[in-house]
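Work through the exercises below with the sequence and the model in view, trying each task before reading its solution.

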Amino acid sequence: MEMRDKNGLTEQEFLEQYRPGDYERPSVATDMVIFTARDCAENNYRKLPQKKLQILLIKRGGHPYINTWALPGGFVEPHETTEQAAKRELLEETGVKNIYLEQLYTFSEPKRDPRMWVMSCSYMALVDSETISVSAGDDAKSAEWFDVSLKKEHSDVQENENGFVSVTDYALELEKNGEILSAKIRLTKTRTNSGLDSRYEIIKSDGLAFDHAKIIAFAVLRLRGKVTYTDIALNLLPEYFTLTELQQIYEIILDRELIKAPFRRKYGILAEKTEQYSGDAGHRPSQLFRKKWLAE
């Protein structure tokens, strides 16, 4: 016997009379925070090249936010999951696939897009710069790599009757050939007996479209957190690398210098020796290592 609801309808009868238009429905998009690590130009050939943490931005070719820099992304098509849409966008923008990809967060504020209610299911990707061939999509004027910096400006913790509230302000800066995009992001964490609530807020944003400053800050902090207990950083390295390059990757992510000996004791397990050596001119060749992925 078929089950009937309180109105006496079977499931088939219910679906036949159901009207989706009775409810406000958001569109769904994916926004991609694509990280890479690239060498900086050095005037002294005897000095090892330094690295910069970079993200890919596209210059919007149409409204809204025309001529403004934004994260690459697009709307999820009817036949796709959000992950499939993210992989499609990643392939279109960088020419690579089968790389590290993880979902960050779903940003769903009703007014985050001036056109309509658009929920963004954001993703973070990590790519080796040597494998990338960047090209702007149809709706973008150009695609460029920007150096990314996120620094803590101020932090305060207060106690109230419900628990603790911490407020931290971050300065986000993105730079390419002297062009600087900046934003101030506030992270408020409220801890009560029922758990922890985190909220990101854009205090100001100069040169970035939509709420993408918030998404970028979220991604940088996620990356910093995960490098301390996973091997995620290896995704930014080529197949063969030196231990100095491995340390540089950690330093640009964490935004601080690390002491060589303790770093190698802690993170040396991520690399295994090869019989190959670097051929860099101007200094002694270094032994090359390759990735030794940790077990899941």
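**Exercise 1: a surface patch**

Find the residues that make up the nonpolar surface patch of about 420 Å².

Solution. The patch is made by Phe 14, Leu 15, Tyr 18 and Tyr 23; such patches join nonpolar side chains within 5 Å, from residues with over 30% relative accessible area and no salt bridge. Of these residues, Leu 15 has its place in helix α1, residues 11–17. Residues are numbered from 1 along each chain as its sequence is written. The model is predicted, so that local features need pLDDT of at least 70 and side-chain atom pairs count only at pLDDT 80 or more, while totals for chains, interfaces and linings use all residues, and side-chain values use heavy atoms, without hydrogens and water.

**Exercise 2: Lys 6 and Ser 120**

Decide whether Lys 6 is buried or exposed, and do likewise for Ser 120.

Solution. Begin with Lys 6, which lies in the segment before α1 and counts as exposed because its relative accessibility is 81%, where exposed means over 50%, buried under 20% and partly exposed in between, with a 1.4 Å probe and protein chains only. Turn next to Ser 120 in strand β6, residues 118–126: Ser 120 is buried because its relative accessible area is 0%. Leaving aside neighbours within four places in sequence, its contacts include Ala 29, Tyr 105, Arg 112 and Ile 215, contact meaning heavy atoms within 4.5 Å.

**Exercise 3: helix α3**

State how many residues of α3 are buried.

Solution. Helix α3 spans residues 212–227 and has 16 residues, and 14 of its 16 residues are buried.

Key: Helix = DSSP H or I, 4+ residues; strand = E, 2+ residues; numbered from the N terminus. Expected span 1.5 Å × (residues − 1). Patch = residues over 30% accessible without salt bridge, like charges linked within 9 Å, V, L, I, M, F, W, Y side chains within 5 Å. Areas by Shrake-Rupley, 256 points an atom, 1.4 Å probe, with all protein chains shown as cover. Salt bridge = Lys/Arg side-chain N within 4 Å of Asp/Glu carboxyl O.
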